[in-house]
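Biologist: I would love to go through the aromatic rings and the nonpolar packing with you. Could you explain the reasoning behind each label as we go?

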Amino acid sequence: MAGRFAPRPTRTTVRGGDAGVPGAVPRQERVGAPRVRTWVPDGPLDLGLVLGPLRRGPGDPTFRALPDGSVWRTSRTPTGPGTLRVTRYGGEVRGEAWGPGGEWLLEQLPELLGAADDPSVFVPRHRLVAAARHRRPGLRLTRSGLVLESLIPSILEQKVTTDEAYRAWRLLVRQFGEPAPGPVPGRMCVMPSARTWALIPSWEWHRAGVDNKRASTILRAVRVAARLEEAVRMSPRAARERLEVVPGVGPWTSAETVQRSHGAADEVTTGDLHLPGIVGWALAGDRDADDAVMLSLLEPYAGQRHRAARLILLSGSSPARRAPKMPRVDIGRW
């Protein structure tokens with residue numbers, strides 16, 4: 001029966017990258033004369049699980065998952081802004097792209113959908129992990145090939161609730177980004193260029209609820225944007241070292257970035273408020289686990305620790321809350 005009925009997403013599974021993309025419906029041609037590429041994956045593929053980590057909240061203006069089974073996302077590529085629509089029909093994936101960056105997005109389509117990832121090397125060592133893998137056979141690790149589009153929202157998520165970070169990302173992208181090319185659904189935007197990020201006035205950061213520490217970190221990062229984008233050609237470990245040269249970018253932020261930009265299967269997130277307790281609870285019944293305990297529990301998955309952590313999140317297993325949620329503080333009202 002496993003996998004016959006898709007489990008309803010929870011806060012934990014959403015963090016694991018479950019975008020909840022429904023099954024595809026019969027193909028309908030769309031207007032706009034897009035560039036098109038088809039690709040046949042070599043195994044099971046779940047668009048929601050693969051692309052879900054790239055969505056920053058349900059109102060992300062750069063990401064849409066529609067009832068027809070399609071996933072839309074926008075990117076600022078090395079060749080310019082672009083929009084990508086991805087659908088799956090049977091065993092074939094169809095990508096449609098618009099804008100100056102459309103060709104680049106189609107070239108990267110297989111890697112974006114996990115072609116460079118090899119889930120077959122993963123060996124579950126715990127019953128819960130094995131069950132999660134069995135229920136989610138289409139999980140692959142995306143490789144976006146873009147650093148800044150994952151780094152900036154990760155910086156916004158530092159030391160605040162996810163709701164606050166998602167709101168800041170949504171407001172800043174809508175106000176300072178540009179309209180997405182193509183016949184996009186709703187109000188989709190392309191994230192601002194590095195120069196535009198650098199020119200955002202201090203009061204606009206404040207209105208979006210972004211404190212000076214996080215805003216300053218983003219400003220330092222965009223000033224060396226070209227050097228950071230070069231990191232996509234490095235190994236995940238070397239890329240993290242380059243990212244952490246930027247003051248304000250630490251192990252948590254660099255891991256969250258390379259997991260998406262590189263498809264890094266072993267770069268587990270440390271310094272997180274909740275993840276050690278979730279992993280500790282799932283694997284050892286220890287809700288008070290810290291980073292050291294989490295890493296020791298994930299040691300059997302060396303080389304695949306990030307995949308193991310994602311499967312644990314997707315299992316939905318987490319300790320019951322013992323304290324109220326962290327209060328949301330809107331500094332834009334101050």
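Modeller: Happily; we will take the ring pairs in this predicted model, then turn to the cores.

Biologist: How many aromatic pairs does a search of the whole structure find?

Modeller: There are four. One of them joins W72 and W98.

Biologist: What makes the pair of W72 and W98 stacked?

Modeller: The angle between their planes is 10°, and planes under 30 degrees apart count as stacked. The centres are 5.4 Å apart, which satisfies the pairing cut-off of 6.5 Å.

Biologist: Why does this pair tie together separate parts of the sequence?

Modeller: W72 belongs to strand β3 and W98 to strand β5, so the pair links parts that are 26 residues apart in sequence. Both tryptophans are buried.

Biologist: And why are W197 and W205 called stacked?

Modeller: Their planes meet at 25° with the centres 6.0 Å apart, so this pair is stacked. Through ring pairs, W169, W197 and W205 form a cluster.

Biologist: How do you know that W197 is buried?

Modeller: Its relative accessibility is 0%, and buried means under 20%. W205, at 3%, is buried as well.

Biologist: Which residues have the most contacts inside the largest nonpolar core?

Modeller: W197 and W205 are among them, along with L151, I152, V210, I218 and L228, in a core of 32 residues. Elements giving two or more residues to this core include α6, α7 and α10.

Biologist: Leaving aside neighbours within four places in sequence, what is I218 in contact with?

Modeller: I218 touches I152, I155, L156, W197 and W205. Another core, of 21 residues, lies apart from the largest one and includes V129, A282, L298 and Y301.

Technical notes. Residues numbered from 1 in each chain as written. Predicted model: local features only at pLDDT ≥ 70, side-chain atom pairs only at ≥ 80, totals over all residues. Heavy atoms only, no water. Phe/Tyr/Trp six-rings, centres within 6.5 Å; stacked < 30°, edge-to-face > 60°. Helix = DSSP H or I, 4+ residues; strand = E, 2+ residues; numbered from the N terminus. Buried < 20%, exposed > 50% of the residue type's maximum accessible area, 1.4 Å probe, protein only. Core = buried A, V, L, I, M, F, W, Y, C linked by side-chain atoms within 4.5 Å. Contact = heavy atoms within 4.5 Å.
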